[in-house]
Amino acid sequence: MSVSVSGDCNAGHGKTSCITEDLLQMFLKVNRQSDITQGPKKRIAFLAFVKNHPVLSNNVIKFEDVETNIGNHYNPTTGFFTAPINGLYVLSCMIMAYGNTEIAYQWRKNDAVFSSGYTDKTHSGSQSQTFVFELKKGDRVYIKHRTSTSQKIYGGRYSYYNGYLLQ
């Protein structure tokens with residue numbers, strides 16, 4: 001985008017210099033232009049925690065304690081985040097195992113495995129992961145426990161899933 005600003009300020013009316021006034025006017029014009037060309041920015045963000053200490057067994061991890069859900073695109077009942085528009089999204093999780101257990105999990109995008117995660121079998125072992133996803137409207141991303149062995153996850157705001165629209 002290119003913007004031209006002509007210098008016609010009057011430094012005698014409390015302005016420190018014409019250059020400063022010209023720069024200010026240029027920034028204001030660029031700001032208005034970007035608002036017009038890009039339109040209003042859509043705010044999309046969520047943060048949800050695991051409640052209690054559920055036992056997992058090859059199921060979707062549900063982060064039911066929702067702190068933030070701007071746009072309501074995270075569903076705590078299903079555990080799915082659904083992209084409302086095409087864009088780049090930053091999605092993160094932190095998974096903490098309860099006690100001396102381990103947790104094996106997968107990131108899923110539209111039911112296909114995107115990545116895997118694992119917490120060590122140490123006292124309250126944890127792992128955090130952050131990814132940038134290029135999503136299309138309607139794409140779903142969720143975190144799934146990946147073994148049939150029962151494993152207990154630490155709830156009470158220790159394990160979480162969050163994300164936001166980057167652009």
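In the predicted model, Arg157 is partly exposed, because its relative accessibility is 40%. Its side chain meets that of Asp65 in a salt bridge, with an N to O distance of 3.4 Å. Arg157 lies in the loop between strand 11 (151–152) and strand 12, whereas Asp65 belongs to strand 3 (residues 65–70), so this pair ties together parts that are 92 residues apart in sequence. Asp65 likewise counts as partly exposed, with a relative accessible area of 22%.

Arg157 also forms a salt bridge with Glu67, for which the closest N and O atoms are 2.6 Å apart. Glu67 lies in strand 3 and Arg157 in the loop between strand 11 and strand 12; the pair therefore ties together parts that are 90 residues apart in sequence. With a relative accessibility of 46%, Glu67 is classed as partly exposed. Asp65, Glu67 and Arg157 are thus linked in a network of salt bridges.

The count of salt bridges comes to three. One of them joins Asp111 to Arg140, with the closest N and O atoms 3.1 Å apart. Here too distant parts of the chain are linked: Asp111 is in the loop between strand 7 and strand 8 (112–119), Arg140 is in strand 10, and the two are 29 residues apart. The relative accessible area of Asp111 is 44%, which places this residue in the partly exposed class. Arg140 is also partly exposed, at 24% relative accessibility.

Arg140 further appears among the contacts of Phe81. Leaving aside neighbours within four places in sequence, Phe81 is in contact with Ile44, Phe46, His73, Tyr74, Tyr89, Leu91, Leu135, Asp139, Arg140, Val141 and Tyr161. Both Phe81 and Tyr161 belong to the largest nonpolar core, which comprises 26 residues. Together with Ile61, Phe63 and Trp107, these two residues touch the most other members of the core. At least two core residues are supplied by each of strand 1 (45–49), strand 6 (87–96), strand 7 (103–109), strand 9 (126–135), strand 10 (140–145) and strand 12. Strand 6 provides the largest share, four residues. In soluble globular proteins, nonpolar side chains tend to be buried together.

Strand 12 is joined to two of these contributing strands. Its pairing with strand 1 is antiparallel and consists of five bridges, and Leu47 has Asn162 as its bridge partner in strand 12. Strand 6 and strand 12 also run antiparallel and are joined by six bridges; in this pairing, Asn162 is the bridge partner of Ser92.

The two faces of strand 12 differ in cover: Tyr161, Gly163 and Leu165 make up the covered face, whereas Tyr160, Asn162 and Tyr164 make up the uncovered one. In a regular strand the side chains alternate between the two faces of the sheet. Tyr161, on the covered face, is a member of the largest nonpolar core. Asn162, the bridge partner of Leu47, is instead on the uncovered face.

Tyr164, found in strand 12 (residues 160–165), is also on the uncovered face. This residue counts as partly exposed, because its relative accessibility is 39%. With Val132 and Leu166, Tyr164 forms a nonpolar patch on the surface, and the three residues together have about 280 Å² of accessible area.

Key. Residues numbered from 1 in each chain as written. Predicted model: local features only at pLDDT ≥ 70, side-chain atom pairs only at ≥ 80, totals over all residues. Heavy atoms only, no water. Patch = residues over 30% accessible without salt bridge, like charges linked within 9 Å, V, L, I, M, F, W, Y side chains within 5 Å. Areas by Shrake-Rupley, 256 points an atom, 1.4 Å probe, with all protein chains shown as cover. Salt bridge = Lys/Arg side-chain N within 4 Å of Asp/Glu carboxyl O. Buried < 20%, exposed > 50% of the residue type's maximum accessible area, 1.4 Å probe, protein only. Core = buried A, V, L, I, M, F, W, Y, C linked by side-chain atoms within 4.5 Å. Contact = heavy atoms within 4.5 Å. Pairing = 2+ DSSP bridges.
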